[in-house]
Structures are given as structure tokens and as C-alpha cells.
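Thanks for coming. I will go through one structure element by element, and I suggest keeping the viewer open as we go.

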Amino acid sequence: MLANTRVHISKGNGPNLVLFWEDDSPFSNFNPANFQVRDHEKLLEFRFSEQYFMYQKSIFANDPLSAEKVLKADEPLKMKKIGRALKMSREDLDRWSTVSRDVMYRACLEKFSQSEPHRLSLFRTHGMNLVEASPFDKVWGIGLSKDDQRAENPETWMGTNWLGQVLNRVREELWERNEFRVDREKVEAEDLKTRVHFVENF
């Protein structure tokens, strides 16, 4: 069975890369992880970081009906389609692009802080760079698949890797939190080969 995530160990001075895209990777927004977020007086339940992201996009677009549809949807692809169907002007989309990374950061922060298996996977990438190796996305991903040799060199990427950047930021914040000291010490006791094995076989 092919790994859902591929760790590329640099042979030179370049960074070690964690290349992911498929839904069964813990770093994918389509990978299930239950978490809760308080929204004003309501405590909302989410099963995917994609769900939180599209819910917030619907709220941003002033479309509460779509927001409810996102909450009730049972599959991340359905959630994504609802978000893509929102009626937003070019100006709205431009404004959304300026805040979308912060929204994704909150989605991933809640997901990884509340799900121990996902957090341990994220911690095991400490010292590495996370890379969304999506061949179809040149904004959140790099426009290349994880098995494309060009994905191993940031200079040959075809996209900006926003999601990878967000995940790196989330990991560093959670790594420093004292509440996750036990998780951090567990990962620090593992050698690189063990960490790679766990990351590639989530």
C-alpha cells in the first residue's frame, strides 16, 4: 500500500519535506478529526478542518443558509462545493483572500490541539517543512504531486504552499505549549526513522 504522506530527507543542506495530499493523510483538511469551536454563544461541532473553513467562508459571504448546509454536510467534498458555490463578487473574493489564511490557521489550530493522534503526527514533523503536494492547487498547494521529483525542491514548485505554511505555524505554536509537554517529550525520544514511519503510516 502506498503511503498517504511521503517524507523526503534532504541529502544536502535543504529542508526535510513532508509531502501530503490524499484524504487519509492526517495533514489533509479532508481527514476526519472531531473538534469544537465556540462561536459567540454557540458551541459548534466540526468533523473536518475543511468544514470549519467553508463554514467561516459562508459567514464571510453573509450567507447563513450555506453556513448551516456546511454544518449539516457529512462529507468534506460536499462542504467544499457549498463554499465554492457562494455568491461572492470579485471584491469579496479579494477580501477573502486576505483573511483566508488566518481562517485556515484557526481551523488547523483547533483540529490539532483537540485531536491527540493528529497532534502527535504533526509533532513528528518538527524540524521539517510540511508541503501540500496537490497537483491541482497552486495556492494552498504546490501544483505538483508528492511523487513528482520536482516536489523535492522548493525552487521547482509550481505553487505557493499556503497550507503547508499554516501547518508549520500551527505546529510551532502547539510545540511550545506547556499543556502538550508530554506529547513533545514522547516525540523527542523517538529517532528520525521512527518518526518518519509513524508519519507515513498514519
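Before the sheet, one definition: two strands are taken as paired if DSSP finds at least two bridges between them. One caveat as well: this is a predicted model.

With that criterion, three strands form an open sheet in the order S1-S2-S5, and the pairing in this sheet is mixed. S1 and S5, the latter being residues 129-132, are the edge strands; each has a single partner strand, so one side of each has no neighbour in the sheet. Ignoring direction, neighbouring strands here are turned by 20° against each other on average.

As general background, strands of a sheet pair through backbone hydrogen bonds, either parallel or antiparallel. Which of the two applies to S1 and S2? S1 pairs with S2, residues 17-20, in the antiparallel sense, and there are four bridges. Within that pairing, Arg6 has Leu19 of S2 as its bridge partner. On the other side, S2 and S5 run parallel and are joined by four bridges. There Val18 is placed opposite Leu130 of S5.

Now the side chains of S1, which covers residues 5-8. Thr5 and Val7 point one way and Arg6 and His8 point the other way, and all of them are buried. Helix H8, residues 192-200, lies across S1 and S2 and runs at about 155° to S1.

There is also a hairpin. S3, residues 35-39, and S4, residues 42-46, pair in the antiparallel sense over five bridges. Phe35 is opposite Phe46 of S4. Two residues separate the strands of this hairpin, and His40 in the turn has a positive phi of about 60°.

That brings me to the backbone angles. In general, most residues other than glycine have a negative phi. Asn62 has a positive phi, near 60°, and is not a glycine. Asn62 sits in the loop between H1 and H2, where H2 is residues 64-72. Asn161 is another non-glycine residue with a positive phi, about 60°. Asn161 belongs to the loop between S5 and H6.

Are these two buried or exposed? Asn62 has 67% relative accessibility and therefore counts as exposed. Asn161 has a relative accessible area of 4%, so Asn161 is buried.

Next, the helix pairs. In general, two packed helices are described by the angle between their axes and the distance between the axes. For H1, residues 49-60, and H3, residues 76-84, the axes come within 9 Å and cross at roughly 20°. H1 and H3 are therefore roughly parallel to each other, since angles under 35 degrees are put in that class. The crossing of H1 past H3 is left-handed. On the H1 side the contact is made by Glu50, Gln51, Met54 and Lys57, and on the H3 side by Pro76, Met79, Lys80 and Gly83. Sorted by class, that contact has three nonpolar, two polar and three charged residues.

The second pair is H5, residues 116-123, and H7, residues 181-188; the axes come within 10 Å and cross at roughly 45°. At that angle H5 and H7 are therefore oblique to each other. H5 passes H7 in a right-handed crossing. H5 contributes Glu116, Arg119, Leu120 and Phe123 to the contact, and H7 contributes Asp183, Arg184, Lys186 and Val187. This contact of H5 with H7 divides into three nonpolar, no polar and five charged residues.

How many of the residues of H5 are buried? Six of its eight are, which leaves H5 mostly covered. The buried residues are His118, Arg119, Leu120, Ser121, Leu122 and Phe123. What do they pack against? The buried residues of H5 pack against H4, which is residues 90-114, and against S5, H6, H7 and H8.

Last, one residue in H6, the helix at residues 162-176: Asn168. Asn168 has 15% relative accessibility, so Asn168 counts as buried, the cut-off being under 20%. Apart from neighbours within four places in sequence, Asn168 contacts Met128, Asn129 and Leu130. Leu130 has already come up, as the residue opposite Val18 in the pairing with S5.

That is where I will stop.

Technical notes
Residues are numbered from 1 along each chain as its sequence is written. This is a predicted model: local features need pLDDT of at least 70, side-chain atom pairs count only at pLDDT 80 or more; totals for chains, interfaces and linings use all residues. Side-chain values use heavy atoms; hydrogens and water are left out. Axes are lines fitted to C-alpha atoms, for helices over the stretch in contact, and angles run from 0 to 180 degrees between N-to-C directions. Angles under 35 degrees count as roughly parallel, over 145 as roughly antiparallel, 65 to 115 as roughly perpendicular and the rest as oblique. A crossing is left-handed if the near helix is turned anticlockwise from the far one by less than a right angle, and right-handed if clockwise. Contact means heavy atoms within 4.5 Å. Ala, Val, Leu, Ile, Met, Phe, Trp, Tyr, Cys and Pro count as nonpolar, Asp, Glu, Lys and Arg as charged, and the others, Gly among them, as polar. Buried means under 20% relative accessible area, exposed over 50%, partly exposed in between (1.4 Å probe, protein chains only).
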